Amino acid sequence: MNAQDASAARATNGADPTRMHAVSAETTDLVDLVLDYSRRRMLARDTPLDKPVSEFELDRLAGRAIGEAGIGAARALALFEHVLAPACITTDHPQYLSFIPTAPTKAATAFDLVVSASAVYGGSWLEGAGAVYAENEVLAWLAGEFGLPATAGGVFVQGGTLGNLSALVAAREHARFVLRTAGTDAPGRWKVVCSAEAHSSIASASRVMDVDVVPVAPGDDGMLRGDAVRAALEEHGASVFAVVATAGSTNFGIVDDVDSIAALKEEFDFWLHVDGAYGLAAMLSPLARDRFAGVEHADSVIVDPHKWLFAPFDACALIYRDPETGRRAHTQHAEYLDTLTETSEWSPSDYAAHLTRRARGLPLWFSLATYGGGAYRAAITSSIRLAQDIAREIESRDGLRLVRDPQLSVVVFEREGWSREDYGAWSARLLDDQRAFVTPSSHAGRPNTRFAIVNPTTTFDQLAGILDTM
Ligand SMILES: Cc1ncc(COP(=O)(O)O)c(C=O)c1O
């Protein structure tokens, strides 16, 4: 035995190298424990909201779980169940109303376990044809709902931020391709036009891409319209490679006037990207569908199933009108990958800024297959109705003021005379009392708060009860 082998033997202490992977009494018990916990969590009717805990307190309660010898599955799981999980806010709780919540269906959550258990690789047709086929069925169904052509296609990526970035990279690549083909010089700086109320991920994507954002003021109602975009296009000319329309702003749930923006494509050359991370799901509801006229002209769209399409974290559906534009921009080339890229088979890795990927569209596929699109329409419609009902209730109460009429399922309102600190103290109290998670927000320098509703089990009485505490 040489010195290196001797040191390796000492370090591994003669441990069985297959212990963690073999099917044994130990691994069987471990799988049972984890499945039992998952079953209890998925079927619980009373999971508390919970709340964050300081690092000092977690240090005291959890300490260190990781050492050279493990503590065993039972102790590690108990630590998660009794210390770590209660220090995480329950994002699918019906009274979690902050940011954009999540509300995965039971089928989608349960199937997420299957995706993990199956060790599916979702990057290539060669390795994951069945999964890719199913994910593509979902993307085609969504594309149909959005009025995009049957040839549209794309990929599920981690989240809306990566979806927006990947779409804008494809847009700029397309603009470069068009200029190269015409023998025209590229502009000194590339620009992307969007509403001043667009999501922060557009600015983030622009920083990553080293392009400039041209923020355009929306109307007083928060909607970006074609006439304002026209002025920006006239001012910035061919340096604009993309216009982003927001289909459901994060703060207010407002849908830009996509139709009037899309109409400008007849006069100007730009890529129309629709950021529908939160709101595009509402196109499934007959109550909101009309608001999205023009989406059918988009060159790319995103919608996040982990927001209002009831899938677990994390998933964003990125769909290109012409998927070839996405493939040209994103396919990675390497000798070891030639076997994947030199075929005409559909490999999801080729359509965004990623390579290895989880087949994260499968939980949505399973849930859609289980319940059908009609169940989704009903669930989304119920939240839009509830938003309208609670907005009327807010208007009817003395001392409360609706900031804007809700278009989708975000309701923004003020308590007369309250400062930022008042909202902060109230919000902390609601969470301390385990009543609700509603955070302060602001608009045009005025503090306010908002209900973002995506969970079909949220009720009018729960929301009215929260108003009572103001
Ligand atoms: C309109 C919009 N776009 C993009 C994003 C970013 O999505 P993600 O958080 O999944 O990266 C969000 C997130 O709330 C959003 O509301």
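1. A helix, as the word is used here, is a DSSP run of H or I with at least four residues, numbered from the N terminus. In this predicted model, helix H7, which covers residues 160–182, gives the most to the shell around the ligand, contributing 3 residues.

2. The ligand is surrounded by 14 residues, and the closest of them are Gly159, Gly160, Thr161, Thr250 and Ala277. By character, the residues of this shell divide into 8 polar, 4 nonpolar and 2 charged.

3. The protein chain is divided into three parts, namely domain 1 (23–87), domain 2 (110–371) and domain 3 (373–468). Between the centres of domain 1 and domain 3, taken over C-alpha atoms, the separation is 33 Å.

4. An open sheet of 7 strands, with mixed pairing, follows the order S1-S7-S6-S5-S4-S2-S3. Its edge strands are S1 (153–157) and S3 (212–216), each of which pairs on one side only, and the twist from one strand to the next averages 20°.

5. Within this sheet, strand S6 (residues 300–303) and strand S7 (residues 316–320) run antiparallel and are joined by 4 bridges; Val303 has Ala317 in S7 as its bridge partner. Helix H6 (residues 125–145) packs on the sheet, where it touches S1, S6 and S7, and its direction makes about 70° with that of S7. Helix H9 (residues 226–236) also packs on the sheet, touching S2 (191–195), S3 and S4 (240–246), with a direction that makes about 145° with that of S3.

6. Helix H16 (residues 420–432) has 13 residues and reaches 18 Å from its first C-alpha to its last, which is close to the 18 Å expected at 1.5 Å a residue. H16 is followed by Gln434, whose phi is positive, near 60°.

Notes
Residues are numbered from 1 along each chain as its sequence is written. This is a predicted model: local features need pLDDT of at least 70, side-chain atom pairs count only at pLDDT 80 or more; totals for chains, interfaces and linings use all residues. A residue is near a molecule or strand if its C-beta atom, placed from the backbone, lies within 6 Å of it. Helices (H or I, at least four residues) and strands (E, at least two) are DSSP runs, numbered from the N terminus. Ala, Val, Leu, Ile, Met, Phe, Trp, Tyr, Cys and Pro count as nonpolar, Asp, Glu, Lys and Arg as charged, and the others, Gly among them, as polar. The expected span of a helix is 1.5 Å times one less than its number of residues. Domain bounds come from an automatic or database domain assignment. Two strands pair if DSSP finds at least two bridges between them. Axes are lines fitted to C-alpha atoms, for helices over the stretch in contact, and angles run from 0 to 180 degrees between N-to-C directions. Two residues are in contact if their C-beta atoms, placed from the backbone, lie within 7 Å.
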